[in-house]
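Welcome to a short set of exercises. Have a look at the picture first, then try each task before you read its solution.

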Amino acid sequence: MMILRTLKRQPLHGYALAQHIKQTSNELLQIEEGSLYPALQRMLKSGWLKAEWGISSTNRRVRIYTLTPAGAKHLQHEVSSFERMLEGIKRVLSPVKL
Amino acid sequence: MNFIAQLFRRKQMQDDLSEEIRLHLAQRTEELVDAGMACEEAQATARRDFGDITQVEEYAREMWGWPRLEELLFDIRYSLRLLRKNPGFTTVVLLTLAIGIGANTAIFSVVNAVLLRPLPFPNSDRLMFLTEGNRDIPEMYVSMPNLRDWQARNRVFEGIAGARPHGATLTGRGEPQRLATREVTADFFPILGVKPIMGRAFTADDDQVQSRPAVVLSETFWTREFERDPRVLGMQLELDGQPYTVIGVVPARGFRVIWGGTDVDAYTSLGRLENVIGGPEHRADHFGIYGYARLKPGVTVEAARVEMASIAARLAKLYPNTNVGQSIGVQALLGERVGDVRRPLLLLMVAVGLVLLIACANVANLLTSLATVRRREIAVRSVLGAGAARLARQFLCESVLLSVMGGALGLLAAYCITAAASETLARLPARLVPRFDEISVDPTVLLFTLGLSLLTGVVFGVFPAVAAYRADPNEVLKENNRSTGTGLSDMRLRNSLVATELALSLVLLVVAGLMIKSLFHVLQTDPGFRSEGVLTASLNLPSLKYKTNAQVRSFVRQFTEKIAALPGVRAAGLKQPLLGPYEDNFVVEGQPRPLQGFEPYAEISVVTPGALEAMRVELLYGRYFSRTDDENSGAVCIVDDRLAERYWPGKAAIGKRISTIETPTTPPQWATIVGVVHHVENDASGGPTLPGVYFAFAQRPANGGSLVIHSTVDANVLITRVRGALRSLDPDLALYDVRPLTQITGERVAPRRVSVILLSILAGIALVVAALGTYGVMAYMVTGRTQEMGLRRALGATPRDVLRLVLSQGMRVALVGVLIGMVASLALARVVRPLLFGVNASDPMTFAGVSGLLIAVAALACYIPARKAMELDPIVAVRHE
């Protein structure tokens with residue numbers, strides 16, 4: 001979800017994506033950079049992303065991932081179901097109104 | 001297309017990923033170097049942060065590929081390599097499987113063609129065969145008035161047609177020729193769903209008493225006689241001296257089965273005979289008609305039976321004189337036609353199934369041996385990370401590969417067998433074994449073989465697979481290099497496989513033994529007549545020309561006298577019918593008359609003087625018929641000893657009188673018994689037979705019959721002379737069905753002979769395979785225990801002790817197998833019983849003999865390895881490996 005959301009904002013290449021996730025999560029998510037790639041592969045196969053070779057801002061050959069319409073739709077779905085879940089958790093955790 | 005695209009894409013994806021990872025690492029390293037890290041350290045850190053590259057790549061490969069398929073391909077490649085490395089093993093296994101699967105395929109192709117494949121008519125499963133029946137004769141012809149009542153009253157059939165076998169002499173087209181014809185009601189072809197190739201079939205207008213005579217030709221006759229000339233329509237054909245107009249041609253396909261193996265030439269109307277065979281006075285007369293009906297859609301056979309039973313009950317109330325005790329039989333047309341061969345065929349199917357099971361047990365044994373040899377290899381693979389399931393799959397792959405290859409060979413063998421068999425069987429008359437001309441390897445058979453091969457592979461592959469599953473690699477690797485596999489559980493598995501093989505082959509041998517014994521009994525049974533040197537031929541006198549009994553009598557008398565006077569002829573006469581069936585009720589003078597409809601039955605035939613003599617039916621008392629037993633003298637008859645002993649036990653039957661029952665109301669026409677002859681078996685089925693009564697032809701003339709000529713002359717010479725004699729009397733008559741009597745009697749036992757031969761071959765194969773299996777296991781055990789044998793010898797055991805050791809171990813297994821086999825045979829014997837003749841299904845002689853044979857063979861199979869063990873040099877044996 002995080003990847004899809006990041007890519008919705010702008011197409012990115014793998015390395016940048018890894019850095020981005022690291023920064024935005026304030027280093028909270030201590031994941032190995034490598035584990036990003038299997039996730040990307042999975043999404044490629046599901047058709048949520050597409051990948052193209054291109055040149056990065058630092059003039060490197062990179063593979064840029066872009067969100068597809070199907071991916072956007074999936075993200076939409078994921079977000080809404082996540083929000084519903086959060087809503088549910090909130091209700092359970094909020095103090096009972098007497 | 002898609003497949004190739006995906007294959008290409010997959011490779012691309014993997015390459016892209018590797019490249020991407022490389023670039024990722026490069027960028028990271030560069031950043032770290034920029035941050036002031038040393039180059040090598042930066043590389044290491046980049047890798048560390050990234051994690052396991054291989055794992056990521058692997059993940060991607062599995063995701064984009066078909067790992068299962070790849071593993072399977074690998075398994076197959078691996079299996080093939082293994083099989084190539086063990087050519088001896090592979091050959092033995094493939095041959096065993098080819099025999100097992102081939103025999104099954106061959107028999108199944110027969111079962112498929114004869115029992116399973118539907119008749120070639122639309123919705124043929126709804127076609128039914130209707131008969132009358134009573135307590136004594138479960139299936140008999142339908143009388144015309146009853147057929148008409150069934151047609152009018154039933155609500156379960158779309159229609160009921162009547163048909164009866166007939167024959168007609170075609171004249172006016174060169175030599176007179178005899179045609180096999182059928183008289184059918186107009187709805188016969190519509191009910192079967194058969195459309196004419198040309199012209200039309202009968203309509204109701206052709207099927208009335210006053211209708212003009214019309215004939216429908218069968219395709220075979222149209223082809224043979226008219227070379228498929230369409231101008232045949234409208235042509236006049238002279239049948240039995242009467243002109244018939246050709247109105248159509250119907251296909252021949254499927255009719256050979258319906259007509260019991262006869263290729264019918266032409267069809268005429270049955271309804272035109274309504275005034276001859278129909279009407280209330282003929283309600284109890286059975287003129288050879290059977291009912292052919294089509295169930296309405298959705299109506300079951302059971303429902304039809306219930307309906308017809310209630311019709312039979314109503315008819316019995318309406319016509320108590322004729323219909324009391326008469327039932328109506330409804331059965332599937334195909335089932336009725338192939339009913340006689342169903343049981344023998346199913347028995348053969350079971351037999352080949354057993355042979356395959358034995359083959360499976362043997363192959364399982366071989367595979368287990370191979371698996372034991374490969375134990376270390378497997379243990380190593382399993383230590384290197386191959387899961388137990390993965391290994392079991394490998395084993396199954398090997399066995400299925402073997403069985404599929406064996407199946408392919410078997411299919412080839414089956415194809416050759418069926419081709420050869422149908423060629424042989426084509427020479428036999430088709431009526432013996434219905435539909436044998438239809439046997440072929442069709443898609444159903446192919447599917448059966450494929451399924452069977454796969455199943456076989458799984459069945460015999462399970463054993464080594466389970467063994468591999470259970471084996472603990474640690475234990476195996478810790479074992480030293482000594483040959484293993486003599487372990488207790490392993491040996492138990494092998495022993496039980498051998499016992500199973502022996503038990504199954506005992507079952508087969510018992511069945512074959514019982515059938516052989518039955519065949520001998522049948523061959524030894526006295527049929528009551530001698531067929532050697534007797535020639536038979538059929539003759540029909542068209543009623544148009546031979547209108548009166550006087551004409552028939554005078555012609556038959558002249559003709560038989562002419563033949564009897566031919567050189568080399570010892571005796572000759574006419575008999576109608578030749579060998580049944582023609583059953584009729586009779587009453588005995590002076591005995592209380594049984595209830596209406598419960599009179600006893602006898603096989604009736606009419607004979608001229610000379611006929612019984614030609615067939616050498618033994619005369620016990622009194623005399624044969626003479627020329628003076630004619631229309632002017634008192635009615636006489638000859639009965640057989642069965643009838644004589646039943647009514648006048650121990651007393652002379654000569655001079656007593658019996659009568660057949662014409663109609664219930666007519667007074668008996670007493671005939672005086674002038675002779676008692678030996679009982680004649682009209683068929684060789686071994687079933688109960690009716691007593692026989694013979695009447696004098698001159699007193700009961702028939703429009704035809706079978707010539708029986710006992711002579712010392714060559715059959716071809718004789719028949720030419722007989723034809724000459726016939727031509728001099730009436731050039732428009734044809735002799736047909738010219739055959740030696742030995743051929744007829746030989747055909748009577750042919751089906752039994754064929755099934756005995758097949759069963760014996762199968763039992764023989766089973767015995768050999770089981771013996772090989774026993775030998776294999778014993779030899780294997782001896783080799784595995786060479787060291788132990790050596791030790792025993794070194795410690796003072798004599799060679800005889802070693803021999804006894806090996807033999808006793810083998811024989812224990814054999815005895816267990818024989819015992820299990822005996823129990824199984826006793827169970828199976830119930831299925832076989834109806835096929836036996838003169839032999840009890842649990843015949844102790846057969847059981848004892850077969851068990852003895854099997855034990856002897858097993859002992860021989862054990863003796864060879866035992867001898868080898870006995871002859872071992874103790875020193876060499878101890879040093880063995």
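## Exercise 1: The build of chain B

Task: Work out how the radius of gyration of chain B stands against that of a compact globule of 881 residues.

Solution. Keep in mind that this is a predicted model. A compact globule of 881 residues would have a radius of gyration near 29 Å. For chain B, the value is 38 Å. Next, take the box along the principal axes: the C-alpha atoms of chain B fill roughly 135 × 80 × 55 Å. Now add the secondary structure, which comes to 27 helices and 21 strands in chain B. As for burial, 41% of the 881 residues of chain B count as buried. Finally, take the contacts in chain B between residues at least 6 apart in sequence: 83% of them join residues at least 24 apart.

## Exercise 2: Buried, exposed or in between

Task: Classify Asp16(B) and Leu854(B) by their C-beta neighbours.

Solution. Begin with Asp16(B), which is part of helix α1 (residues 2-34) of chain B. Asp16(B) has 16 other C-beta atoms within 10 Å, so this residue is partly exposed. A buried residue needs 20 or more. Asp16(B) can also be paired with Met235(B): they are 219 residues apart in sequence, and their C-alpha atoms are 84 Å apart in space.

Move on to Leu854(B), found in helix α26 (residues 844-870) of chain B. Leu854(B) counts as buried because 24 C-beta neighbours lie inside 10 Å. Which residues does Leu854(B) touch, not counting residues up to four places away in sequence? They are Leu502(B), Ser505(B), Leu506(B), Leu509(B) and Val818(B). The C-alpha atoms of Leu854(B) and Ala814(B) are separated by 8.3 Å, with the two positions 40 residues apart along the chain.

## Exercise 3: One face of a helix

Task: Find out why the buried residues of α14(B) line one face of the helix.

Solution. First list the buried residues of helix α14 (residues 375-383) of chain B: Arg375(B), Ile378(B), Ala379(B) and Ser382(B). Then look down the axis of α14(B): these buried residues fall within an arc of 100 degrees, and therefore they line one face of the helix.

## Exercise 4: Two packed helices

Task: Describe how α23(B) and α25(B) pack.

Solution. Two packed helices are described by the angle between their axes and the distance between the axes. Helix α23 (residues 741-784) and helix α25 (residues 799-832), both of chain B, pack at an angle of about 145 degrees. Their axes are 11 Å apart. The crossing of α23(B) and α25(B) is right-handed. On the α23(B) side, Thr774(B), Met778(B) and Val782(B) meet Val806(B), Gly810(B) and Ala814(B) of α25(B). Sorted by type, the residues of this contact are four nonpolar, two polar and no charged.

## Exercise 5: Chain A and its contact with chain B

Task: Describe chain A, then its side of the contact with chain B.

Solution. Chain A has four helices and three strands, in the order α-β-α-α-β-β-α from the N terminus on. Of its 98 residues, 23% count as buried.

How many residues does each chain give to the contact? Chain A gives 15 residues and chain B gives 17 residues. On the side of chain A, the elements that supply two or more residues are α2 (14-24), α3 (36-46) and β3 (61-67). The largest share, five residues, comes from α3(A). By type, the side of chain A that touches chain B divides into four nonpolar, four polar and seven charged residues.

How values were computed:
Residues are numbered from 1 along each chain as its sequence is written. Chains are lettered from A and ligands numbered from 1 in the order in which they are written. This is a predicted model: local features need pLDDT of at least 70, side-chain atom pairs count only at pLDDT 80 or more; totals for chains, interfaces and linings use all residues. Two residues are in contact if their C-beta atoms, placed from the backbone, lie within 7 Å. Ala, Val, Leu, Ile, Met, Phe, Trp, Tyr, Cys and Pro count as nonpolar, Asp, Glu, Lys and Arg as charged, and the others, Gly among them, as polar. Axes are lines fitted to C-alpha atoms, for helices over the stretch in contact, and angles run from 0 to 180 degrees between N-to-C directions. A crossing is left-handed if the near helix is turned anticlockwise from the far one by less than a right angle, and right-handed if clockwise. A residue is buried if 20 or more other C-beta atoms lie within 10 Å of its own, exposed if 12 or fewer, and partly exposed in between; C-beta atoms are placed from the backbone. The radius of gyration is taken over C-alpha atoms; the globule rule is 2.2 Å times the number of residues to the power 0.38. The arc is that of the directions from the helix axis to the C-beta atoms.
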